[in-house]
4 protein chains.
Amino acid sequence: MRRTVVGVMGGGNVNRPTELAAYRLGELIAQRGWILLNGGRDCGVMAASAKGATEAGGTVIGILPGTDTHGASGDLDVAIVTGLGDARNLVNVLSSDVVIACSGGAGTLSEIALALKNGKHVILMGFDAGVALEPYRIGGMLTSASSPEDAVNRAARVVSPE
Amino acid sequence: MRRTVVGVMGGGNVNRPTELAAYRLGELIAQRGWILLNGGRDCGVMAASAKGATEAGGTVIGILPGTDTHGASGDLDVAIVTGLGDARNLVNVLSSDVVIACSGGAGTLSEIALALKNGKHVILMGFDAGVALEPYRIGGMLTSASSPEDAVNRAARVVSPE
Amino acid sequence: MRRTVVGVMGGGNVNRPTELAAYRLGELIAQRGWILLNGGRDCGVMAASAKGATEAGGTVIGILPGTDTHGASGDLDVAIVTGLGDARNLVNVLSSDVVIACSGGAGTLSEIALALKNGKHVILMGFDAGVALEPYRIGGMLTSASSPEDAVNRAARVVSPE
Amino acid sequence: MRRTVVGVMGGGNVNRPTELAAYRLGELIAQRGWILLNGGRDCGVMAASAKGATEAGGTVIGILPGTDTHGASGDLDVAIVTGLGDARNLVNVLSSDVVIACSGGAGTLSEIALALKNGKHVILMGFDAGVALEPYRIGGMLTSASSPEDAVNRAARVVSPE
């Protein structure tokens, strides 16, 4: 039976508080029994969230940009090797039941934009997505969370609406 | 010999002033002897810029998301049929020597972000790309144009730096 | 810790003996503790192998061509939604530690070819891949199995060489 | 107005007679007023066919696998830079009105298979595509040519049926 997949996006080069938040997100996602999906690389938000999920006994799927697992986080249970470079960003968001976006740069912004365009709810954690995506706040597709706990509570309402 | 390719991005559903600006961009790009590249569909900025370039005697390449040419603008000289859906946005920007972004939504924003991440200059025409991409203004990768003429002059400085 | 992923490729419209073989492959892969990866659709070799793995208590990942899970097998634990159409065939094989190919048509042949080109071992089960791929038999990248048991034994030698 | 695009596929490392045939194909395609589309790299069938078309005054579009034009043939008029690796093989064939396949290996075979699966006519020139694709000979989707002239005549019947 298909399991819930929560995508965590964010930069490969982030500050320590962002890494700690990403780690906590991974933990909370694992504790919910959800699968964590991210970009799979061994840096930044990807590495930290994977580590958090793994250490909480969860399952992690990494969607890698390259043609092999070189540079992958050691905390992936499954590596999806795409060979697509940045085009794999679309796979990241389409495969997620809901997307949580931590701090990041242009790559993360492209994921937020592609997620919303494809009807996915996006929960921002410290990411200012700009005015171009403001229309998605109407109707609630785009929201902001104040903490990892808040983000995961919001994700829960998306994947299990009452 | 490889010809200069200028990408024009923008929404499929835009207002009349944006369409007029896109048409003018197409004309100016054609008059420079450059190839116009866009997303190829028969709507919005894509259709208008293609029409402008064609009516000025230029060449237009459309990078289509679907698996055939259904829904393509009638003003394409060449249809690149990708079958990749929104993942073709990456192809749009990697294939452009410089990217001009008109008004648009999440799809256009994803193209701006992917372009900058991949080292392409982006010239904004009435698009507010938000604070996440502000770092790219430093160094001049991301600039704003006040008119189609200004945008094309800026593009010229990118493709033929003195 | 990364788990072993075995890809099972094959047609969406196959005869009953092929479905039975695919089901058996799924069972055997699950019993080995490997993850089954396939194209994820609810037909042919994909549906049968997923069912076999699920009923044996295994884990199934389906790499879907569309932009949502419409048409997916009910036996997937995780749906990777690519939106890439047939370009997802590359993802199928790059993500597999070894590929087993059952009967199929042009799609399956493209997967066999892409797998070999990218250095993946391919085990054929009743698929005649033609002379163009014969060079890969030298060195043992391309072999043929006489049964699901034989195929899985061959896969074991690839993923856990002594 | 959209121009006819003929795709020429084939290996990056081929013998001299194959290169000569690819060069001749490029010439003949240019003389017909068609655009030549190929994989764009500076080797084998790609380089030879591009050179033939260019020296006959034609237009060449190369669909490159990498994220920039490094390694591209010097005879491209337009480089479509995909960043998709081998997944660009799908773009090659979907963008061609008809596909001519010269000698090659697994990559070329994947293109033949993907072309047929997507309803494109394929004309083989010295490529043995194997029994798996034999069904496509029925109905005439897959044919064999005895020379570049024969291949281009066959292509003409596909793109301009009487």
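A crossing of two helices is termed right-handed if the near helix is turned clockwise from the far one by less than a right angle. In the predicted model described here, the crossing of helix 1 and helix 2 of chain B falls in this right-handed class. The two helices of chain B, the second of which spans residues 44-55, pack with their axes 6 Å apart and at an angle of about 40 degrees. On the side of helix 1 of chain B, the contact is formed by T18(B), E19(B), A22(B), Y23(B), G26(B), E27(B) and A30(B), and on the side of helix 2 of chain B by G44(B), V45(B), A48(B), S49(B), K51(B), G52(B), A53(B) and E55(B). Classified by residue type, this contact between helix 1 and helix 2 of chain B comprises six nonpolar, five polar and four charged residues.

Helix 1 of chain B (residues 16-31) also packs against helix 5 of chain B (residues 148-159), at an angle of about 40 degrees and with the axes 9 Å apart. Helix 1 and helix 5 of chain B are therefore oblique to each other. The crossing of helix 1 and helix 5 of chain B is likewise assigned as right-handed. Helix 1 of chain B contributes A21(B), R24(B), L25(B), L28(B) and I29(B) to this contact, while helix 5 of chain B contributes P148(B), E149(B), A151(B) and V152(B). Seven nonpolar and two charged residues make up the contact of helix 1 with helix 5 of chain B, and no polar residue takes part.

In chain C, the axes of helix 1 (residues 16-31) and helix 2 come within 6 Å and cross at roughly 40 degrees. The crossing of these two helices of chain C is right-handed. From helix 1 of chain C, the residues T18(C), E19(C), A22(C), Y23(C), G26(C), E27(C) and A30(C) meet G44(C), V45(C), A48(C), S49(C), K51(C), G52(C), A53(C) and E55(C) of helix 2 of chain C. Six nonpolar, five polar and four charged residues constitute the contact of helix 1 with helix 2 of chain C.

The strands of chain C were examined next. Seven strands of chain C form an open sheet with parallel pairing, in the order 4-3-2-1-5-6-7. Strand 4 (78-81) and strand 7 (142-144) of chain C are the edge strands, each pairing on one side only. On average, and with direction ignored, neighbouring strands of this sheet are turned by 25 degrees against each other. Strand 6 (residues 122-124) of chain C runs parallel to strand 7 of chain C and is joined to that strand by three bridges. Within this arrangement, I123(C) has T143(C) of strand 7 as its bridge partner. Helix 2 of chain C (residues 44-55) packs on the sheet, where it touches strand 1 (5-9), strand 2 (35-38) and strand 3 (59-64) of chain C. The direction of helix 2 makes about 165 degrees with that of strand 2 of chain C. Helix 5 of chain C (residues 148-159) also packs on the sheet and touches strand 5 (98-101), strand 6 and strand 7 of chain C, its direction making about 165 degrees with that of strand 5 of chain C.

Chain A contains an open sheet of seven strands in the order 4-3-2-1-5-6-7, with parallel pairing. The edges of the sheet are occupied by strand 4 (78-81) and strand 7 (142-144) of chain A, each of which pairs on one side only. Neighbouring strands are turned against each other by 25 degrees on average, direction ignored. Four bridges connect strand 3 (residues 59-64) and strand 4 of chain A in the parallel sense, and the partner of I61(A) in strand 4 is V78(A). Helix 2 of chain A (residues 44-55) lies across strand 1 (5-9), strand 2 (35-38) and strand 3 of chain A and runs at about 165 degrees to strand 2 of chain A. Helix 5 of chain A (residues 148-159) packs on the sheet in contact with strand 5 (98-101), strand 6 (122-124) and strand 7 of chain A, and its direction makes about 165 degrees with that of strand 5 of chain A.

The relations between chains were then considered. Chain C is superposed on chain D by a rotation of 180 degrees with 0.0 Å of shift along its axis, at an RMSD of 0.0 Å. That is the relation of a two-fold axis. The same surface serves both copies, as 100% of the contact residues of chain C recur in chain D. A turn of 180 degrees and a shift of 0.0 Å along the axis lay chain C on chain A with an RMSD of 0.0 Å. The C-alpha of chain C nearest this axis belongs to I80(C), at 4.3 Å from the axis. For this pair, too, the same surface serves both copies, with 100% of the contact residues of chain C recurring in chain A.

Conventions:
Residues are numbered from 1 along each chain as its sequence is written. Chains are lettered from A and ligands numbered from 1 in the order in which they are written. This is a predicted model: local features need pLDDT of at least 70, side-chain atom pairs count only at pLDDT 80 or more; totals for chains, interfaces and linings use all residues. Side-chain values use heavy atoms; hydrogens and water are left out. Axes are lines fitted to C-alpha atoms, for helices over the stretch in contact, and angles run from 0 to 180 degrees between N-to-C directions. Angles under 35 degrees count as roughly parallel, over 145 as roughly antiparallel, 65 to 115 as roughly perpendicular and the rest as oblique. Contact means heavy atoms within 4.5 Å. Ala, Val, Leu, Ile, Met, Phe, Trp, Tyr, Cys and Pro count as nonpolar, Asp, Glu, Lys and Arg as charged, and the others, Gly among them, as polar. Two strands pair if DSSP finds at least two bridges between them. Copies are superposed by least squares on the C-alpha atoms of residues with pLDDT of at least 70 in both.
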